[in-house]
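Please consider the following model and read it alongside its sequence. The discussion begins with a pair of strands and then turns to a helix in another chain.

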Amino acid sequence: MTLLTVEGLEASYGPVRVLHGIDLTVERGEVVVLLGANGAGKTTTLRALCQLPGLSTSGRVDFDGRSLVGCRTEEVVRRGIAHVPQGRGTFPELSVEENLDAGAYLRRDRREVRQDIERWYDTFPRLADRRHQSAGTLSGGEQQMLAVARACLSRPQLLLLDEPSLGLAPLVIQHLFEIFAELNRSDGTTILVVEQNATLALSIATRAYVIESGQIVLTGPAAELHHDDGVRRAYLGF
Amino acid sequence: MNLLQTLPWAVPGVNDAFFDLSYVLQLVTTGLANGAVYALMALSVVIVYRTTGHMNFAQGEMGTIGCLLVFSISVERGVPYWISIPAAIALSMVVGAVLQRTLVQPVERRGGMGVVLVTLGLFLIINAVDAVIWGADPVTPVTPFPSEAGDRFIILDGPPQFAIRYSTIGIWITLAVVVGLLWLLLQRTRLGLGYRAVAANPESALLVGIPKDRMLMLGWALAAGIGTLAAVLFSQKTGSLDFNLMAAVILYGLAAAALGGFDSIPGAVVGGAVVGLVESLVPAFFSFIGSELSLVMALVVIVAVLLVRPQGIFGKAKVVRV
């Protein structure tokens, strides 16, 4: 069943057009990766899906059977999309625990939120140790863990991950991607991930899209793209 | 007891009376009483600044119009002050939120210095409207605290005498209550968490579903309420009320906020106390600085802070990773 349908999505920052008609679909339960060079429009695609202010968009974006176009970002979140922005985007002055509470801002089931937070502390014990520290004092890896946990506390149907491996140590990256695979497998969370590290992303993805200059230029099952030599040389750089 | 007379030399430019204990304590008390009002104004400035990054120069005038409303409702219509003051505070909160939504938000989206000009414009408009409606002559304001000449604790009998007015203690208690309620709201409620999240990272706040625009309105509403309260207390202190009531007080409040770092609530309170003390002690200490120069002191404080420690005493220096 299709969870997200994007057709002819165009987006501009002021007079600068960045996306020139993106078409993509994400099926429920999939892990889809969006690959592409710097400046191709990957981050802008995710930002446009969330209807973040500062970006004017047009085209069709249907999520769970209803259009997201023109919604406020808070409404997009309420409908079940969580976004882990590039560079983590934690609340540096707030404690780790307050960051997590903020992630559950739209939820009213306080007891279950508590349980979810404890579960995330079990997943990332380093966050539990630092629960009363302000998030600004965390290392890059810890901040990314916090950003992922915070996004998941809204219990999203679709998780958007923007360059989750950027600037992190290999062991931390491996741990995070195991968590993503686990989230998809056991919680059934659908994931759309933007990654520079193509090998890593293709290893957990079911399907992939390659974006170039604001347009989708290639799509296919992750395994196929991973093993096609022509594709690898032309688009993925490995 | 005059300490100066024990010195073997004369100190040029220094006021002899400054070395009398009662006199100094009285100056400190006066300074801290004004300082509490400045602290309230600084709190309003800080609450708006933390989420929006701009200053509302019309904050004082919004307080003045609230205070004039209290005067009209209570003195002219005879409604008791414990109804008129909360009503004026509530009304000003609504007006603050509406102004933010209708005037500031559309201008802010376009960026640049627009918001500064809007708040300066509001300053002039409200000031003029006050004068048109209530006239330019000072009136006797509503006094929520006892205000007769004898309503004070005499601590050291004089002359010179050291006494603390009941109203001064009332102002201090009010400041403590406001700070306490603000702390509870910001640290212990979901609304406060949303406000602090927007202050810390507006875009991430949107991405977890916090209605950012409503948090900005909340900031303006709180600031307007506190500003009106500050104006009521200040009019009680000066005993006279006209359309220029808060024109200077907002400058002292800005100086206090600058001293405290613009984004810190404890900083605003300490900043208010320091500015109040500077205003009261420095002209008394140096006989060549008259009290008419006291407004200049506020500006000196602002400039000195911006030069020496731009992040203020309690503010955090912004670290930007690129």
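How many bridges join strand β1 of chain A to strand β2 of chain A? In this predicted model, nine bridges connect β1 (residues 2–13) with β2 (residues 16–27), and the two strands of chain A run antiparallel. One of the residues paired in this way is A:L9, whose bridge partner in β2(A) is A:I22. Two residues lie between the strands of this hairpin, and A:G14 adopts a positive phi near 55°.

Chain B carries an annotation from an unreviewed UniProt entry, "transmembrane region", on several spans, including residues 81–99 and 241–262. The first of these named here, residues 81–99 of chain B, is 100% helix and 0% strand, with its end C-alpha atoms 26 Å apart. Residues 241–262 of chain B, by contrast, are 55% helix and 0% strand, and their end C-alpha atoms lie 28 Å apart.

Helix α3 of chain B covers residues 81–109. Because a helix is expected to advance 1.5 Å a residue, the 29 residues of α3(B) should span 42 Å, which agrees with the 40 Å between its end C-alpha atoms. The helix α3(B) nevertheless bends by about 35° at B:Q100.

B:Q100 is also among the buried residues of α3(B), which include B:S84, B:I85, B:A88, B:G96 and B:V104. Where does the cover for the buried residues of α3(B) come from? It includes α2 (59–76), α4 (114–134) and α8 (212–238), which belong to chain B. After α3(B) comes B:G111, with a positive phi near 75°.

Key. Residues numbered from 1 in each chain as written. Chains lettered and ligands numbered in written order. Predicted model: local features only at pLDDT ≥ 70, side-chain atom pairs only at ≥ 80, totals over all residues. Heavy atoms only, no water. Pairing = 2+ DSSP bridges. Helix = DSSP H or I, 4+ residues; strand = E, 2+ residues; numbered from the N terminus. UniProt positions renumbered as here; feature names shortened; annotations may be inferred. Expected span 1.5 Å × (residues − 1). Bend = angle between axes of the 7 residues up to and from the residue. Buried < 20%, exposed > 50% of the residue type's maximum accessible area, 1.4 Å probe, protein only. Contact = heavy atoms within 4.5 Å.
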